[in-house]
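Dear colleague,

Please find the structure below, handed over for your files. My notes on what was found in it follow.

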Amino acid sequence: MVNSAYDKSIKSKLAIVTLTSKFLQAGPIRVRYENGFLRYISFHNTEIVRMIYFAIRDHNWQTISVTITDESIVEHLDSFEVKYNWHTVDTAIQMTGEVVIQGNEQGTITVRFYGKALSAFQKNRIGLCVLHPIDGILGQPVQIITPDGHTSDHYFPTSINPHQPFLNIQSMRWRPLSGSTWQLDFWGDVFETEDQRNWTDASFKTYSTPHDLPFPVAVASGTEFRQQVLFRVADQALADTSNWAELSKWEQIRETAQASLPRIGLGQRTNGPCLIATEAALLRSLNLSHLRVDVFFSLPNWQTLLTNAIADARQLGVSLEMAVFFGSDPVFELNLLRQFMDRWPVPIQSILLFDEASLTTSNKLLQALVPVLRREWAGVAVGGGTDDNFAELNRNRFDFDLVDFVTYSVNPQAHAFDDLTIQENIAGQSETALSARHISGGKPVHISPVTLRSRYVTVAGSAIERQNTPIDHRQATEFAADWTRASLIALARAGVASVTYYQSHGAGGLLSGDCTFPVYATLKEREKFLS
């Protein structure tokens, strides 16, 4: 069982943020202004909206950084106005613009966004977004008003919705558990809402530019973008028509999760030398379960990479977790792998089966390989899911009876990379674990791997890209240690059976030479806060 006192101390520690921020008041509404965005729009200390911000996403869904200039904040007793200019800090996407944020005595908050392209580029999305917290809104009523005035009634999903629950939004009214009805009005584009728990974000997001439109989109130099979001008390209250049946079912799923200490493994270092004796000795004291190795038959050096992983696993005295990515002839490739592994006396704990083209598991792949694995590698646990975010498992389901466990990867920076967002998104990890076990009919959940930063940019180039994955600058800091501790608590509480964290050594790992990073101590002490 997870130690609740320790859990509270971690939450308290993670709540300490070093970024400069300012609380502003708009009548009864309190909001935190931080780095150009609004966070924690609250009424009587209850969070109503998590965040209002703008995002520029390139053709690979990477979020482009911006610099704020000429910032002006004018405060009155019950109102405020914020203005600033902004520009991108990216050579491929050059833009500039202005944001105006106003809050009045009635509690109405208006955010106006303007942007202008200074160069030609491709984009997937540009514009304003609103994040809704998951606490207090799951199963609660929502009313959507479309641009043509049509009104429809919905609920915020309880289990993680694989697709957009609300589409074609001009305005939305919703009634959280706190009781009041709130409204958001949108201008400048067509908006819709997605369940961001699919990417382990602890939020829903209402954003501009529908996802079913073709992307990327070519943007010509000089193109202008204008949008506005208005938050206010609704002009029409919603009755308490909460979806109590679905909410009760989801709460039961939470309550029946059996908290346990998951097996802990590490990933193979892919961009450097094998373990040296000093590193191996330090890592052996962690009582690890396994070492993950990625096998891409499309890489000409796959046998060398696998040989290095085997050498590291033998030094650590652990089994291999093999993530195998198959091409056009999976049976032939599996036979190649089996013949290769016959030369090495190293135990294989589990094998994860993926199509390289999609990084997901298909019924076709399972039907071709599982009978061979059951016959040739009896005792090796077989898993399927995705090497991508939980969203891809949720959207690409297969015959779960063919596997022993389900798997997906986690990184907290799918949408934003600031410290506070990464901390907030811890809550989304347990949500995905509960959903994964629910949709798979109770299969064990193996999360592999957990990394601070995504290991690749494009699915098509993932095999090569992950050989030189950029390392997050926080990997060797106390931040990573605290975040990992909170992550492990959340996953243990959700009953996850196995977790693979980071890489074994090097800049993306737990240590380098005889120098251990703070995250090393976190994993070494895990039984203290997971007992």
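Contact in these notes means heavy atoms within 4.5 Å. The model is a predicted one.

Helix pair

On that criterion, Trp302, Gln303, Leu306, Thr307 and Ile310 in α4 meet Leu336, Leu337, Phe340 and Met341 in α5. By class, the residues of this contact comprise 7 nonpolar, 2 polar and no charged. Helix α4 covers residues 302-316 and helix α5 residues 330-341; their axes come within 12 Å and cross at roughly 45°. Angles from 65 to 115 degrees would count as roughly perpendicular, and those under 35 as roughly parallel; α4 and α5 are therefore oblique to each other. The crossing of the two helices is right-handed.

Barrel

The model contains a barrel closed by 8 strands, in the order β19-β20-β21-β22-β23-β24-β25-β26, with parallel pairing. From one strand to the next the twist averages 30°. Within the barrel, strand β21 (residues 319-326) runs parallel to strand β22 (residues 348-355), and 7 bridges join them. Methionine 322 is placed opposite isoleucine 351 of β22. Helix α4 also belongs in this part of the picture: α4 lies across β20 (290-296) and β21, and its direction is at about 175° to that of β20.

Strand β16

A separate point concerns β16, residues 203-208. How many of the residues of strand β16 are buried? The count is 6 of the 6, so the strand is largely enclosed by the rest of the structure. The cut-off behind this is a relative accessible area under 20%. In a regular strand, side chains alternate between the two faces of the sheet. In β16, Ser203, Lys205 and Tyr207 point one way, while Phe204, Thr206 and Ser208 point the other way. Residues on both sides are buried, Lys205 among them.

Strands of a sheet pair through backbone hydrogen bonds, in either the parallel or the antiparallel sense. Which strands pair with β16 in the antiparallel sense? One is β9 (residues 121-133), with 5 bridges to β16. Another is β15 (residues 191-195), likewise antiparallel to β16 over 5 bridges. In the pairing with β9, tyrosine 207 of β16 is the bridge partner of cysteine 129. On the β15 side, aspartate 195 stands opposite phenylalanine 204 of β16.

Regards

Note on methods:
Residues numbered from 1 in each chain as written. Predicted model: local features only at pLDDT ≥ 70, side-chain atom pairs only at ≥ 80, totals over all residues. Heavy atoms only, no water. Axes fitted to C-alpha atoms, helices over the stretch in contact; angles between N-to-C directions. Helix = DSSP H or I, 4+ residues; strand = E, 2+ residues; numbered from the N terminus. Parallel < 35°, antiparallel > 145°, perpendicular 65-115°, else oblique. Left-handed = near helix turned anticlockwise from the far one by under 90°. Nonpolar A, V, L, I, M, F, W, Y, C, P; charged D, E, K, R; others polar. Buried < 20%, exposed > 50% of the residue type's maximum accessible area, 1.4 Å probe, protein only. Pairing = 2+ DSSP bridges.
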